[in-house]
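Please open the model in a viewer and keep a selection panel at hand. The stops below are given in the order in which they should be selected.

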Amino acid sequence: MPDNYELVATGVYLEGLAVDYARGLVWYSDVIAGGIHGTGPAEARAALNPERMWTGGIMLNEDGAVLSSGEGGIMWNHPDTGKSGWLIREIEGQPINGINEMVSDGHGGIFCGTVDLEHVIAGQPPRPASLYHIAADGTARIAAEGLGFANGIMLSADGRSLFYNDTFDATYAFDVSPDLDLSDRRLLLAKEDCDGMALDAEGTLWITGYRSGEIVRMRPDGALLDPVPTPGGGVTQLRFGGPDMRDFWITAVAADAGETLKAGDMPSEPDSFLSRGRADTPGLPLAPARFRLD
């Protein structure tokens, strides 16, 4: 591990990632070994949903519950009470195949992207994905469809642009209307392994790649900044946190692990890791959702 990174945890295929500002914890998922794990300077939390695989996205709800995506929809777990349940399991009466990344819409709800986990698990080419908007009252509607493989997703600080990674293709942006409709999809960066995504306080996109050993940084005007080196392999997700928001955490996998998974084979070696680095520019804090959970 390079001197500018600290190894925090290991696993088989780490991907989902969220910084819990209130508790001082980092939550991360292992999509193959299962579970959502919490770690912090003074403690490690017992795993949430320890038997659940394919959790690709994690975020916080305002009441402290941890939201997690994956096969069948979005679950919630409250680490302090032990209560849990499903936020959403079907859309328009149809069971959800899978949901990947999620981000707050700034109004209590979220945007999220679907993923064809049925075909991923079978090693078959995934069917087209969609982006959905789920309002704070739980109402879900389609926001964009006919996408390739919806992955990392971020909302700009002013709420007027939604960025997302279409893995195996490129990073795109949508305009967001005051009514939270998406329009005018435009290409930002051609990158055939784009995976996770974060924003810093200057509006710069940090884009990871599941087989890339460095993080791409793109300014709002499209100019590329110097990339950020990582300890190697591929980086699946990135999140900022810490007292000054200059700490950042990455989940990383072996350079060939993503292609192995794409082919329908399951990685089995514990050579995936969570590590912490430091940035010159603070990250953009991520707002929690505001769902009313039973």
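**A buried glutamine and two cysteines**

Select Gln237 to begin: this residue of the predicted model is buried, its relative accessible area being 0%. Display the secondary structure as well, and Gln237 will be found in strand β25, which spans residues 234–241.

Next, show the side chain of Glu101. The side chains of Gln237 and Glu101 form a polar contact of 2.7 Å. Then add Met197, whose backbone nitrogen is 3.0 Å from a polar atom of the Gln237 side chain.

Which residues is Gln237 in contact with, leaving aside its neighbours within four places in sequence? Besides Glu101 and Met197, the set comprises Glu15, Leu17, Gly196, Thr208, Trp249, Ile250 and Thr251. Selecting these residues together with Gln237 displays the surroundings of this buried side chain's residue.

Now turn to the cysteines. How many disulfides does the structure hold? The number is zero. Select Cys112, which takes part in no disulfide: the nearest cysteine sulfur belongs to Cys194 and is 18 Å away. Because a disulfide requires sulfur atoms within 2.5 Å, a separation of 18 Å does not qualify.

Is Cys112 buried or exposed? Cys112 counts as buried, because its relative accessibility is 2%.

Finally, select Cys194, which is likewise in no disulfide, with the sulfur of Cys112 as its nearest cysteine sulfur. Cys194 is buried, at a relative accessible area of 0%.

Key: Residues are numbered from 1 along each chain as its sequence is written. This is a predicted model: local features need pLDDT of at least 70, side-chain atom pairs count only at pLDDT 80 or more; totals for chains, interfaces and linings use all residues. Side-chain values use heavy atoms; hydrogens and water are left out. Buried means under 20% relative accessible area, exposed over 50%, partly exposed in between (1.4 Å probe, protein chains only). Helices (H or I, at least four residues) and strands (E, at least two) are DSSP runs, numbered from the N terminus. A polar contact is a pair of N or O atoms within 3.5 Å; within protein, one must be able to donate a hydrogen and the other to accept it, and residues adjacent in sequence count only if both atoms are side-chain atoms. Contact means heavy atoms within 4.5 Å.
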